[in-house]
Amino acid sequence: MRKIKPILIGVLLIVLVVGGVLLYRRDGGTSLWDTMRSVKETSQDAATTSKVKTALMLSKHVSAFGVNVTSNHGAVTLTGEVPSEETRRLDAAITQDTSGVTRVQNNLVVNPGAGRNKDTENLADRVADLEIKTIVIDQLARSPELKDKRFTVQVSRRVVTLDGAVDSPAQKRAAEQLVLQAPGVQGLAGDISVANATGSPETVDDKLARRVEFELYSTRAVPLKNVQIRSQDGTVILTGGVASRAEKLLAERVTQAVDGVKRVVNNLNAPEEAAAR
């Protein structure tokens, strides 16, 4: 025990000496705490710069133009060329709204001939497509009648291509409706095969009703949650309820414009009409 104590004392003295040297380096006069603070601030600036660049790239209005971003203690400086004053202001606004930014120095130069950055021009669309794909796959997996079916989902410019196989026309329609109701979807393509198609073939009227349903979904102006669509010899009957008379009239116009529709019977109910009775 007596031999161990001197050793421990010696180790403690070495630690104290080394610590003192590190806390205050005579050669540069910089303390360890100053060094650590500098490293922390540099890391924060790097993170702020990265967040601003990401925010700018995800904006479809400004992502096509190369903007240089630097950060210093939360103050962000933008340099480069943009085609208009509107784009210049938008770059600054997006930067100011980014977490960690305390001030924006907008040194962007307006040049109508500013070149577009091909690497980032379509990034916002690609991100939107990826989000839509994730949502569609998740909703298909959550659907009680579709979760066991195998689908291939691809998205390009917000148009979903859905391929796969189901057991019935009803399941096919359910899958198509699920896709069209997903946020951001602007169209549907692909080919879903029906394994049991021979038992309940899709008629001409069924196909026409489906085309009308697709067109109404595509407008995004007529919610179809409470709308039923039926076709009989080219006459399409709309029943159910909509939020307004404007939606009712729009649904009729869209339906009438669908190829194959001869006549529209609009039995949709609107609140204004019900109140007037």
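In this predicted model, threonine 152 sits across from aspartate 163 of strand β5. That pairing belongs to a run of 6 bridges between β5 (residues 159-166) and strand β4 (residues 151-156), and the two strands run antiparallel. Just 2 residues separate β4 from β5, so to speak the bend of a hairpin, and one turn residue, arginine 157, has a positive phi of about 55 degrees.

Strand β5 has other partners too. With strand β6 (residues 187-189), β5 pairs in the parallel sense, using 3 bridges. Here valine 159 has glycine 187 of β6 as its bridge partner. To get from β5 to β6, the chain goes through helix α6 (residues 169-180), and this β-α-β crossover is right-handed. Strand β7 (residues 192-194) also runs parallel to β5, joined to it by 3 bridges. In that pair, valine 166 faces valine 194 of β7. As a bit of background, strands in a sheet pair through backbone hydrogen bonds, and they can do so in a parallel or an antiparallel way.

Stepping back to the whole chain, the protein has 9 helices and 10 strands. It counts 277 residues, and 33% of them are buried. Looking at contacts with a separation of 6 or more, 62% link residues that are 24 or more positions apart. The exposed surface comes to about 17,100 Å², with carbon and sulfur atoms supplying 54% of that area.

Next come the strands earlier in the chain. An open sheet of 3 strands is arranged in the order β1-β2-β3, and its pairing is mixed. At the edges are β1 (67-72) and β3 (103-110), each of which pairs on one side only. On average, and ignoring direction, neighbouring strands in this sheet are turned by 10 degrees against each other. Between β1 and strand β2 (residues 75-82) there are 6 bridges, and these two strands are antiparallel. Asparagine 68, for instance, is found opposite threonine 79 of β2. Helix α3 (residues 85-96) lies across β1, β2 and β3, and runs at about 160 degrees to β3.

What about the inside? The largest nonpolar core holds 37 residues, and the members that touch the most others are Val136, Leu140, Phe151, Val160 and Leu162. Helix α6 gives this core its largest share, namely 5 residues. Leucine 140 shows how such a residue is surrounded: setting aside neighbours within four places in sequence, its contacts are Leu146, Lys147, Phe151, Val153, Leu162, Ala175 and Leu178. Another core, of 15 residues, lies apart from the largest one and includes Leu56, Val67, Leu78 and Ala114.

Finally, there is the open sheet made by strands β8, β9 and β10. These 3 strands are lined up in the order β8-β9-β10, with mixed pairing. Its edge strands are β8 (227-232) and β10 (263-269), and each pairs on one side only. From one strand to the next, the twist averages 10 degrees. Strands β8 and β9 (residues 235-241) are antiparallel and share 6 bridges, with glutamine 232 taking threonine 235 of β9 as its bridge partner. Two helices go with this sheet. Helix α7 (residues 204-219) lies across β8 and β9, at about 145 degrees to β8, while helix α8 (residues 245-256) lies across β9 and β10, at about 160 degrees to β10.

Terms used: Residues numbered from 1 in each chain as written. Predicted model: local features only at pLDDT ≥ 70, side-chain atom pairs only at ≥ 80, totals over all residues. Heavy atoms only, no water. Pairing = 2+ DSSP bridges. Helix = DSSP H or I, 4+ residues; strand = E, 2+ residues; numbered from the N terminus. Right-handed = clockwise from strand over helix to strand, strands pointing away. Buried < 20%, exposed > 50% of the residue type's maximum accessible area, 1.4 Å probe, protein only. Contact = heavy atoms within 4.5 Å. Areas by Shrake-Rupley, 256 points an atom, 1.4 Å probe, with all protein chains shown as cover. Axes fitted to C-alpha atoms, helices over the stretch in contact; angles between N-to-C directions. Core = buried A, V, L, I, M, F, W, Y, C linked by side-chain atoms within 4.5 Å.
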